[in-house]
Every structure is written in C-alpha cells, then in structure tokens.
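Work through the exercises below on charged side-chain pairs and cysteines, and compare each step with the solution given.

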Amino acid sequence: MKKDEVWFKKSRLLNPLIAFYFFVAFIEIIAEYNRDYFFISYTKPLAIPLLMSIYLIVAKVKNKYYLVALLLAFIANLFLISESISSIISGSLFLFLSQLIFIYIVIQKIKYPGASLMLIGSLPYACVCFLAAVLIYEKIGVEFYLFIIQSILITFFGGLSLANYFTKYNKANSQLFTSSFLLSIAQLLIILESSYASSGLVQALSTVFLVSGNYIFYLYVVDQEKKQKKYKIIK
C-alpha cells in the first residue's frame, strides 16, 4: 500500500479524534468544576495522548521535540490529578519542562525580534507574574522559588511570542501569541489554585486554558512544518 493511501485512511480518523479531544476536555472541565474526582482521574490523562494521535496523523514529518514536550505534558497531567501540594509541584515542574521545549521549537522557527520589542512584549507578563507573586508569597515556602523560575519562563515565552506578533501580523504569529498566552495563564492558575484560591472554578479555568493552548500550539507546529516543506520544494 502506498504512503498516500495509508495517510488517507488514517486521516479519516482525524475529525472524530479532534471531536473526541474536545469532548474529553469538556467532561474534564465540568468534573473539575464540580470536584468529581472519579471523572477527573479518567479524563485528565486522556487529552494529551489524543492530541499526540492527532499530530501523528496530520504531520507527515514528525517533530521529535514536540512529541517529547507532549509526553512531559502528559506526565504533568498525571501528577495534577491529585490535589496534594507535592503532586501539584511535580506537575508544575513537568509543565515547565514542556514549555521549555516549546520555546526551543519556537526559537528554531522564528527570528529574534530584537531587545526593544522583547522588553515591550515581556512587560505585561512580568506585571501579571509580579501580582501573582505578591498574592502567593505568604502562602508557600520553598515552592516560591519554583514559581519565580516559572515566571521567568512565562515572561520570556510570552514576550517572545508577543514581540514576534508585533513584528508581523499573520496566522502563524497569531497562533503562537494565542497559545503562549493561554499556556502561561494556565500555569499561573495552577499555582494560584494550589496555594491561594483552591476552588473548582480556578481548576476548571486552568484546564480550559491548558487544553486550548495545547491545541492552538499544535496548529502552529503543523502549519510551520507545512511551510518549511513547501520552502524546501520551491528551493
């Protein structure tokens, strides 16, 4: 069987998988809002493997770094099922590593926008992280240093994507900016939920941002790979 025929048969699974991804996410969000740990334990680990399956079907050239980042995000979700402080810290750490690889992927695909634009783009994220730090400073101990490291990453990732968005407005830059914003807010909400405002609403909101951010970043990665392939063919 030819490769194109195999891909066509696999692609027939694409729309059902995408629909199932958002269905699982919807059930998880409702479960987290209602603190239904039975459904959370089944739905939370499912989202990332579904996204990996979608990516493997769509992408003809697989980005190994992106797959590793998704694997780390999957491990993070396993930890975040539990509400214990140690599990949430471990989950946040794996999310941090996942976003670190996201940044590496982005740096490989865009040009550095310059120090001035980076500074301007980073300011909103730095302000939000500072306000979050003020809120949680007295609530956590050693974990506060992990939050500071995460804040640096969030500020850099957010600043890079926003500065790149300022440089050129197009579909790819919009996807990058939106996904980085959503993923950054999700990380902040996870920290706030664990240390300051533990509630089903905050937990559900963090999942909304995380699921949406991961999916939009997947679209960004796929679109960039298609552009790179076209460029090589033209060249």
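**Exercise 1.** Determine whether Glu-28 and Lys-44 are buried or exposed, and find how their side chains meet.

Solution. Both Glu-28 and Lys-44 are buried, where buried means under 20% relative accessible area, exposed over 50%, and partly exposed in between (1.4 Å probe, protein chains only). Their side chains meet in a salt bridge at 2.9 Å, N to O, the term requiring a side-chain nitrogen of Lys or Arg within 4 Å of a carboxyl oxygen of Asp or Glu. This is a predicted model, in which local features need pLDDT of at least 70 and side-chain atom pairs count only at pLDDT 80 or more, while totals for chains, interfaces and linings use all residues. Residues are numbered from 1 along each chain as its sequence is written, and side-chain values use heavy atoms, with hydrogens and water left out.

**Exercise 2.** Find which residues are linked with Glu-28 in a network of salt bridges.

Solution. Lys-44 also meets Glu-32 in a salt bridge of 2.7 Å, N to O, and Glu-28, Glu-32 and Lys-44 are thereby linked in a network. Glu-32 is buried, with a relative accessible area of 0%, and Lys-44 is buried at 5%.

**Exercise 3.** Establish how many disulfides a search of the whole structure finds, and describe the surroundings of Cys-127.

Solution. The search finds 0 disulfides, a disulfide being a pair of cysteine sulfur atoms within 2.5 Å. For Cys-127, the nearest cysteine sulfur is that of Cys-129, 9.4 Å away. Cys-127 is partly exposed, with a relative accessible area of 45%, whereas Cys-129 is buried at 4%.
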